[in-house]
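Trainee: Could you take me through one part of this structure up close? I'd like to see how the two chains meet.

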Amino acid sequence: MASTTLIDHTSELPAQSGGEPPRHEDLYAKRKQIYPKLAHGKFRTIKWLVMAVTLGVYYGLPWVRWDRGDGIPDQAVLADFSSEKFYFFFIELWPQDIHYMAGGLILASLLLFLVTSLLGRVWCGYTCPQTVWTDLYIWVERAFEGDRAARMRLDKAPWTANKITRKLGKHAVWLVIAFWTGGAFILYWHDAPTVAAGWFTGDAPLTAYWFAGILTLTTYFLAGTMREQVCTYMCPWPRIQGALTDEQALNVTYRYDRGEPRGPKRKSESWDDRGDCIDCNQCVQVCPMGIDIREGEQLECIHCALCIDACDEIMVKVDRPKGLIAYDTQIAVAARNEGLTPTKHKLVRPRTVVYAVVMLAIGSLMAWGLATKSTIEANILKDRSPPFVTLSNGRIQNGYTLKLVNKASEPRTMLLDVSGLEGGAFRVIGMDHEGSDTLELPVEAFGVDRYRILVVADATVPRRQVTFTVRDAATGETDVNISSFRGAEQ
Amino acid sequence: MTDETKDIDTHSGVETTGHSWDGIKELNNPLPRWWLYVWYISIAWAIVYMILMPAIPALPGLGTNTKGLRGHSDRVEVAKAVSELKTARDAQSIVLLDAGLEKIETDRTLQQFALAMGESAFGDNCATCHGAGGRGAIGYPALADDVWLWDGSLDGIEYTIRHGIRHDTDDGTRFSAMPAFGRDGLLKRSEVDDLAQYVLNLSGRSDEPEAVLRAAPIFQQQCASCHGADGTGDRTQGAPNLTDAEWLYGGREADIEATIYNARNSHMPAWDDRLDDATIKAIAVYVHSLGGGE
């Protein structure tokens, strides 16, 4: 495993030479199986709770119902591709509301940035699906094969009926979980009870089988056999976080100022002139990434804090204060190592303030947008070809298409008013309004209608702008669109 | 391998690959071995793919490209998809067959369907000459304005689409022929020039009153039978109005002279046997909606 230990340039020596170049096979490392030991303590408990909540939400959410009225799906969270709608409890999004999804993703990444600069990689350590499902799979593995030492013994042991039974049992349960995971995914895209029943009778759409199958396999392999390889080699996040975290972020840290010099200790020995680390290796044994936290900040470390639990347990046994490994900042540890008192940890820093302010701004903008979201939407598309035509009487005509969206569940009548053009007149293809200023346009429930509008004005009209106002006859809800009116340059 | 045979970098304590460029060495942080296996698998997959799918192009001496065991052809797939699309569209466009053009234009559902279908068919078949949105070009009438040579009503537009203009093989085609007055020796060059001034004067643009006076009897004799005594044209013969600002072949003096001298008789194909009924009706409604429909 690569480590990011500091290079001391002052002790530069010529590199040793004369060594054999490594054989081809040595350029590729065989994966070493990691046997994480079960930790006990505060952080292990938190991780069990987080696992229960996140998995509970993932598996349970599609079954939550939310009444929206007749003819509309009553599933609380549903991405309904067939009718091109996304439902999230009281929020209903249409394809043209895609910017809310973009906003949500931006918020999510900002939250990730903020949390990383405050608490390091807590996302990786507690909530990342890779971590959660791997943790679950290790729990199953432990149930069938025992804890670390037992598992290591079992893997070395010859293939007996006992070993085969245990291994088969483990993989069978893994596959069931994987299938359940892949199956739960498709529930978000269809009516959950219907697609769940249809899946087994062969009535579900083909994509449902594909995605259930793909996610079953990825869950099984990523959480069962690939595990830490995903984080170290496949995930971009460990690389990105290098740019987001700093020496003031609270990370899982080995306090070398207190621990060194380390070494095994007999009861009779004194604690004077030595560090608190007794080199018991418990922190390494519980690590799901198979690293040694005492080597410092490392790419592989997902900051799951299990080494804190392991070390605290030992510190209690040897009657030393807890927290030899703890959430701490690099700057504080370095200060104590110099014999100084570290300044109090600062949560409010320019970096965190900027993230928080930007999040607040985007969040309020989205909330405001959602709260005032209109149920009508009018868009004017001006003809680009031809941009205008000259009529035989010398007047100028421009063509427009009005796209009218009714997001309400009942049909409505909209009043169209075209204004702002001096001496202008308009007509709508296929409709008769006998020179009246406004025109009634019917729109179906959930309808998207297009109306073709022709606007005529004198070639000398001064202000070449035309305003299309669409107003709901019943509620007065209004959408105003301003477009240009083109003619030959004067 | 023992440690003695390894080349260890003193700074980082990491083994090097043993490669050296001007004394710069490369650390060996080994890739996971499964990564290497994934690469081998992709090579194996490439071989399978080459056997199953068309893979090697028609190199000299090979004759044709390899077809692959699956016999896959993108060309065939596209043709199949296009015909499936046509079947699906035909099933929908059937609603246009039973409805009259008037009904199609005023019924919201039928209109939206016809405009979408008409726009697409217009783009494929008509826009080459008439331009996108029917903007027109020199020699190709604009369909978005209110000037019509033959007929701007829904039925008239449909008739023109079906039978074309001066289309040899269609008995119902719209037909008229302007003589080439100069080229065929019907008028002298000077008379053609005078007539051009007369035509310019119809839209108030001539500055040679004597030429206009000289040409007046010629116009009445040669031109008025089609273009009308006052030059406002005659739609039954497709004879354009000469008094307005619209000029299909250009309105400058030289353009008008050339038109009188050589005549202009352009063609539009009949689409009756090229497009199905529903498509023709959809195009008619679409053209009618462009801006000048009557």
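Mentor: Start with A:Tyr28, which stands opposite B:Leu31 in β3(B). Keep in mind that this is a predicted model. A:Tyr28 brings us to a strand pairing across the chains: two bridges join β1(A) to β3(B), residues 31-32 of chain B, and these strands run parallel.

Now step back to the whole contact. On one side there are 33 residues of chain A, and they are in contact with 42 residues of chain B. Which elements of chain A give two or more residues to the side that touches chain B? They are β1 (28-29), α9 (228-234), β8 (389-390), β9 (396-406) and β13 (448-457). So you've already met one of them, β1(A), in that pairing. The largest share, though, comes from β13(A), with four residues. Sort the chain A side by class and you get 15 nonpolar, 10 polar and eight charged residues.

Want something to set beside that? Look inside chain B, which is divided into domain 1 (75-173 + 268-289) and domain 2 (189-262). The centres of these two domains, taken over C-alpha atoms, are 33 Å apart. Where they touch, eight residues of domain 1 of chain B are in contact with eight residues of domain 2 of chain B. On the domain 1 side of that contact, the classes come out as six nonpolar, one polar and one charged. That gives you two contacts to find on screen: chain A with chain B, and domain 1 with domain 2 inside chain B.

Conventions:
Residues numbered from 1 in each chain as written. Chains lettered and ligands numbered in written order. Predicted model: local features only at pLDDT ≥ 70, side-chain atom pairs only at ≥ 80, totals over all residues. Domains from an automatic or database assignment. Contact = placed C-beta atoms within 7 Å. Nonpolar A, V, L, I, M, F, W, Y, C, P; charged D, E, K, R; others polar. Pairing = 2+ DSSP bridges.
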